[in-house]
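Have your viewer open and your selection tool ready. We will go from one stop to the next, and at each one you will hear what to select and what is there.

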Amino acid sequence: MVSMSPPLTDALAAGPLVLDGGLSNQLEAAGHDLSDALWSARLLAEEPEAVVRAHLAYYEAGAQVAITSSYQATFEGFARRGIGGERAAALLGRSVKLAREAARRARAGGVAGPLYVAASAGPYGAMLADGSEYRGRYGLSVDELERFHRPRLEVLAAARPDVLALETVPDAEEARALVRAVRGLGVPAYLSYSVAGDRTRAGQPLTEAFAVAAEADEVIAVGVNCCAPKDADRAVRSAARVTGKPVVVYPNSGESWDAGARAWCGEAAFSADRVAAWAADGARLIGGCCRVGPDAIAQLAAVLGR
């Protein structure tokens, strides 16, 4: 199944698009246990219909772009569960097909306008499932990280998503590897960092981190996700200034993740009130990440007139 919508680059040139919210919280709200190391990727094999329904909830709420359940899906992670390479590749491809099926159902149900699929590729630390995705600095070279990411990206690209979502990247060095890994795949990508204040999680200045993608033609948008909403405000302006590209932004609810306790704590601070300012500063892919559900996406879509 291929996209029925105009190219995403054309849509971005016309104005902001609404990204979905947190897939995991939508699956958990439906009663699914995501406590193992594969997280939502486990459901690709065990309950694919649940993934379709979660995507559909966001499309029906006003999202125009669904991010697939492949964030934590890797050949290495699947192998630890006894899933071989051929089956793992099929599951990665399935993540795109499930989002396409949700888009088909959304259109059949009366959702109008173009609907897109972003194939998620999380950082190396997501495969480790030990919280290092929020730290970076894995002790691996750029070449080693490129060799880790390339096979998965090749499989995801072969499934023909509209864009590859290189997301929650904690480290500018890993971003260098990812930018190299998407070359020649024939599918555009966006690069999105996880940040704290005005730095990546690994401590590099965001101006330096965003510059990694400034000259990469394959990267059509740059920005931040899985961060506090207040950190997104300055990051959007910085990404637009440094790269001249459309900006992607989808922060968390504002609560913080305790990796040791595997639980969220603190108060929610995500508000659709920020959306107009992000759009004015250059954001063209706008949504929410962890703990941001369909209701919040519906409010965001209303602000953007979607």
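Start with the crossing of α4 and α6, and keep in mind throughout that this is a predicted model. Select residues 48-61 for α4 and 85-108 for α6; these helices pack at an angle of about 50°, with their axes 8 Å apart. That angle is between 35 and 65 degrees, so α4 and α6 count as oblique to each other. Look at the handedness too: α4 and α6 make a right-handed crossing. To see the contact itself, show side chains for Pro48, Glu49, Val51, Val52, His55, Leu56 and Tyr59 on α4. On the α6 side, add Arg94, Leu98, Ala99, Glu101, Ala102, Ala103, Arg105 and Ala106. Colour this α4-α6 contact by class and you get ten nonpolar residues, one polar and four charged.

Next, stay close to α4 in the sequence and pick Gln64, which sits in the loop between α4 and β2. Is Gln64 buried or exposed? Its relative accessible area is 11%, under the 20% cut-off, so Gln64 is buried. Leaving aside residues up to four places away in sequence, the neighbours that Gln64 touches are Pro16, Leu17, Val18, Tyr59, Pro114, Leu115, Tyr116 and Arg306. You have met one of them already: Tyr59 is also part of the α4 contact with α6.

Now switch to a cartoon view and bring up the sheet. Which order do its strands follow? This open sheet of eight strands runs β1-β12-β9-β8-β5-β4-β3-β2, with parallel pairing. Select 17-18 and 65-67 to mark the edge strands, β1 and β2, each of which pairs on one side only. Then go to β5 (residues 189-193) and β8 (residues 219-225), a parallel pair joined by five bridges. For a landmark on this pair, label Ser192, which stands opposite Gly223 in β8.

From the sheet, move on to a second helix pair. Select 142-158 for α8 and 172-181 for α9; here the packing angle is about 45°, and the axes are 8 Å apart. α8 and α9 are therefore oblique to each other, and α8 passes α9 in a right-handed crossing. The α8 side of the contact consists of Val142, Asp143, Leu145, Glu146, His149, Arg150 and Leu153. Facing these, α9 brings Glu173, Glu174, Arg176, Ala177, Leu178, Arg180 and Ala181. Sorted by class, the α8-α9 contact holds six nonpolar, one polar and seven charged residues.

Keep α9 selected and colour it by accessibility. Why can α9 be called largely enclosed by the rest of the structure? Seven of its ten residues are buried, so that description fits. They are Ala172, Glu174, Ala175, Ala177, Leu178, Val179 and Ala181. Display what these buried residues pack against: α7 (124-128), α8, β4 (163-169), β5, α10 (206-211) and β8.

For the last stop, choose Asp198, in the loop between β6 (195-196) and β7 (199-200). Asp198 has a relative accessibility of 41% and counts as partly exposed. Not counting residues up to four places away in sequence, Asp198 touches Gln204, Pro205, Leu206 and Arg234. If you want to try the distance tool, go from the C-alpha of Asp198 to that of Ala73: the two are 29 Å apart in space and 125 residues apart in sequence.

Notes: Residues numbered from 1 in each chain as written. Predicted model: local features only at pLDDT ≥ 70, side-chain atom pairs only at ≥ 80, totals over all residues. Heavy atoms only, no water. Axes fitted to C-alpha atoms, helices over the stretch in contact; angles between N-to-C directions. Helix = DSSP H or I, 4+ residues; strand = E, 2+ residues; numbered from the N terminus. Parallel < 35°, antiparallel > 145°, perpendicular 65-115°, else oblique. Left-handed = near helix turned anticlockwise from the far one by under 90°. Contact = heavy atoms within 4.5 Å. Nonpolar A, V, L, I, M, F, W, Y, C, P; charged D, E, K, R; others polar. Pairing = 2+ DSSP bridges. Buried < 20%, exposed > 50% of the residue type's maximum accessible area, 1.4 Å probe, protein only.
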